[in-house]
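Student: Could we go through this structure together, one feature at a time? I would like to begin with a single helix and work outwards.

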Amino acid sequence: MSLLEDETRSVNPERRDPEHLGKVDVGSIDFIGSHDLTNSVGHAQGIDLDDYDDPNFDPTGSILQDDSPYAEVRSAVANTDDPMMPSSTFRAWVVGIIWAVLIPGVNQLFDFRYPSIRLVPLLLTYPICKAWARYLPKVSLFGMSLNPGPFTIKEHVIITIMADIGSESAYATYIIAVQRVLYNQHPNFVYQWLLVMSTQLIGFSIVGICKRILVAPASMIWPENLPAAALFNTLHAQETTGTRGRHGISRERFFTYVFVGYFFYNFLPSYLFTALSTFSWVCWITPNNVKVNQIFGVIHGLGMGLITFDWGVITAFISSPLTVPWWAAVNVSFSVVFFYWILLPILYYSNVWYGVYLPLVSSQSFDNTGSIYNVSRVINADGSFNLQAYQSYSPVFLSISFVISYGLSFASITAVLMHTLLYNSKQILTYSRRSLSEQPDIHARLMSVYKEVPDWWYLLTFLTTFAFGVFAIETWDTELPVWAFVLALVISLVYIIPIGVIQAITTFEVGLNVITELIIGYALPGRPIAMMMFKTWGYNTTSQALSFTSNLKCGHYMKIPHRPMFFCQVVATVVAGTVQLGVQTWMLSHIEDICSPHQKDNFTCPHTTVFGTASIIWGVIGPRRLFSHGQLYYGLVFSFLAGAVLPLIQWTLHKKFRIKFLKYLNFPVIFAAFNIPPATPINYVTWVLICFLFNYVIRRRHMLWWLKYNYVLSAGLGTGYAVGTIVIFFSLQYPKNGTIGVNSIQNWWGNTVYTKTVDYAGLPAKTVPEGGTFGPSSW
């Protein structure tokens, strides 16, 4: 059978008929006006709600035998399927591969920019393929139809997934960027390609282990997929529960209004009035007051001004607030208030860890004069650590925000294991023993008619990418032994299920970057390149595996056959990774002042800067000189203990006293929801407020409106922002080296007021006297 053909199991015609595949009349469902039913309904269905540990569970859905028990899923996903619908067609592959070239290229360009841009292929694909279906002749080439007929929703999903594979920069490209920018190394392209392919695809090989647990069960919602599912169904006029039960304009028209409206509005915060984006309005009143700017600033401050008017800033470091369950956002808000608005100022103004001499929020590392740490002064020509030079120069100092970030990361590593053990172990064991046809969820039963991907396909992918990795580390002087490569993969395997469960129900991913940095920093000190590679295989293997798992869940919701889903992701990953390497090489060679803090087009490289800082802290200096007993940041190691103990206390109290709100307390989310720095609290404060408005207030008071429009609104805002920012950049910012409007629109008050503040300059509360230093006298 051709790889381009749909593959279904051999089933009788009755089973293939959609009438026998769980199709229901969604219009006949009797909606309840409130957000859920009373507890008595749950008990009537044999569910003890006090013991049910799934915080997303909606007892309303327990009476819908042919639909999801989760309102979020019912609103966005159709509960029917047509196995005969074409999906893996010649048209899908051609358009998908084109997008797998263009989208990664554009997105890699903007990955070095803040706020970054993510071009949305889902919307752009629709008119292209509609035109293809209408105008291309219906002829065959090598047995494949060039025009298989009407453009289907399943083709659309496959094309979008191929495009989205490259929507995020391949993690290994940060290694290569840091090697060039920070360590002045220029590795050859073969090494770069093998490294990227290994780090991107080895995670995909692990998906075969966890798909029964993280894809098939209904409770594994993966909320970030729901706006796309809603938009797919909107564009292709597929009915879901959310499209019935409420009058008003159609989803198609609503999406058009939102998309067009934000496309034009985006010219304000992105070009005409950029102060709306960095809305530090209190700082404009007192631009030279250090404390006021540190408290209310949005670039190096705590963001207590509460609001930004730029959707790109709101979603720059986190998913759309319209997709996240409200209870998860409450955990985020608690973390912002306690750790960043209470604890951080106390530590900073008490001069703990000498933080008062450094910016309040910064992703940079500093020396004992308050200047950016000059890594070239403590490394030899070959990149190894020079102890004598280090002792005569300075220890590494981190901003208080960065210190808190590391403490939270330490805590999340143990919290995610303990939380999963206590709350999810029984479900995981149950899920691991079920096949798709045995799942109580309608979507799993519908997917059971398609042929599964054989396990040996995943094994072959693993062996191939493992060989790529070994070849890369052995042919280039990386100083990473093969045993360390294997250890990184073992760490990833241990954490993939616990992290996947948390991400599937909340959208938040617990990163393994810090624990892998800590392990390799102690095992192989003074080897920054080895450290970055170990971290990439340890952290990115899990991250990529969960990204592919999320794609499989999207395919699960949209009823895409398993085998085309496998091939489209592998092929798109190879194409996207190759394109990203080419674009990055061009950027590093041609964009002036790239990765400098105030680069004129905002190509400040926020992710690369953090990656480089980590290579200094963990790879060059090593954790022994930072976190061991007697060192400056030793106290942070107790965060590991806190991360293990707090979920245990929560679980014990919940089981003993039946305190209902404790079911919604999630310490892995509290510890791991943040990316501060390079983000600042403003990226999360407005996000929480929007989530509260839509997923708590509107969902409770106007449930039918929420079911019909919430996820379409999210898709419209994201698409309008992405397309609008692309147009602004290529028409107004990039041409003529950014000089369009340099003496007019670029220099008016609304585009310069925030640049004249202490917040923008990132000044500390105290400055070091000329020729003086701070910190310990020896290190």
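Student: Which are the buried residues of H9?

Tutor: They are Leu226, Pro227, Ala229, Ala230, Leu231, Phe232, Asn233, Thr234 and Leu235, where buried means under 20% relative accessible area, exposed over 50% and partly exposed in between, with a 1.4 Å probe and protein chains only. Nine of the 10 residues of helix H9 (residues 226-235) are buried, so H9 is largely enclosed by the rest of the structure. Helices here are DSSP runs of H or I with at least four residues, strands are runs of E with at least two, and both are numbered from the N terminus.

Student: And what do the buried residues of H9 pack against?

Tutor: They pack against H23 and five further elements given with their ranges: helix H3 (71-76), helix H5 (121-135), helix H6 (153-164), helix H10 (251-265) and helix H30 (703-733). Contact means heavy atoms within 4.5 Å. H9 is followed by Ala237, whose phi is positive, near 55 degrees.

Student: Before we go on, what kind of model is this?

Tutor: This is a predicted model, in which local features need pLDDT of at least 70 and side-chain atom pairs count only at pLDDT 80 or more, while totals for chains, interfaces and linings use all residues. Residues are numbered from 1 along each chain as its sequence is written, and side-chain values use heavy atoms, with hydrogens and water left out. The protein averages a pLDDT of 84, and 89% of the residues score at least 70; pLDDT is the predictor's confidence in each residue, from 0 to 100.

Student: Where does pLDDT stay under 50?

Tutor: It does so over residues 1-52, for which the model has 106 contacts beyond four places in sequence. Where pLDDT is low, the predicted coordinates should not be read in detail.

Student: OK, new topic: how many helices and strands are there?

Tutor: The protein has 32 helices and four strands, and 60% of its 779 residues count as buried. Among contacts with a separation of 6 or more, 80% are between residues 24 or more positions apart.

Student: Which residues touch the most other members of the largest nonpolar core?

Tutor: Val332, Val378, Leu480, Trp537 and Trp618 do, in a core of 209 residues; a nonpolar core is a set of buried Ala, Val, Leu, Ile, Met, Phe, Trp, Tyr and Cys residues joined through side-chain atoms within 4.5 Å. Helix H23 (residues 528-558) contributes the largest share of this core, 15 residues. Apart from this core lies another, of 15 residues, among them Leu109, Leu588, Ile594 and Phe729.

Student: What is Trp537 in contact with, beyond four places in sequence?

Tutor: Its contacts include Leu195, Ile202, Ile473, Leu480, Phe485 and Leu489.

Student: And the aromatic pairs, how many are found?

Tutor: A search of the whole structure finds 62, counting rings of Phe, Tyr and Trp (its six-membered ring) whose centres lie within 6.5 Å, with planes under 30 degrees apart called stacked, over 60 edge-to-face and the rest tilted. Trp326 and Tyr696 form a tilted pair, 5.7 Å centre to centre with 50 degrees between the planes. This pair links Trp326 in helix H15 (residues 326-349) to Tyr696 in helix H29 (residues 682-701), 370 residues apart.

Student: Why is the pair of Phe485 and Trp537 tilted?

Tutor: The ring centres of Phe485 and Trp537 are 4.4 Å apart and their planes are at 45 degrees, so the pair is tilted. Phe485 lies in helix H21 (residues 482-506) and Trp537 in helix H23, so the pair ties together parts that are 52 residues apart in sequence. Both Phe485 and Trp537 are buried.
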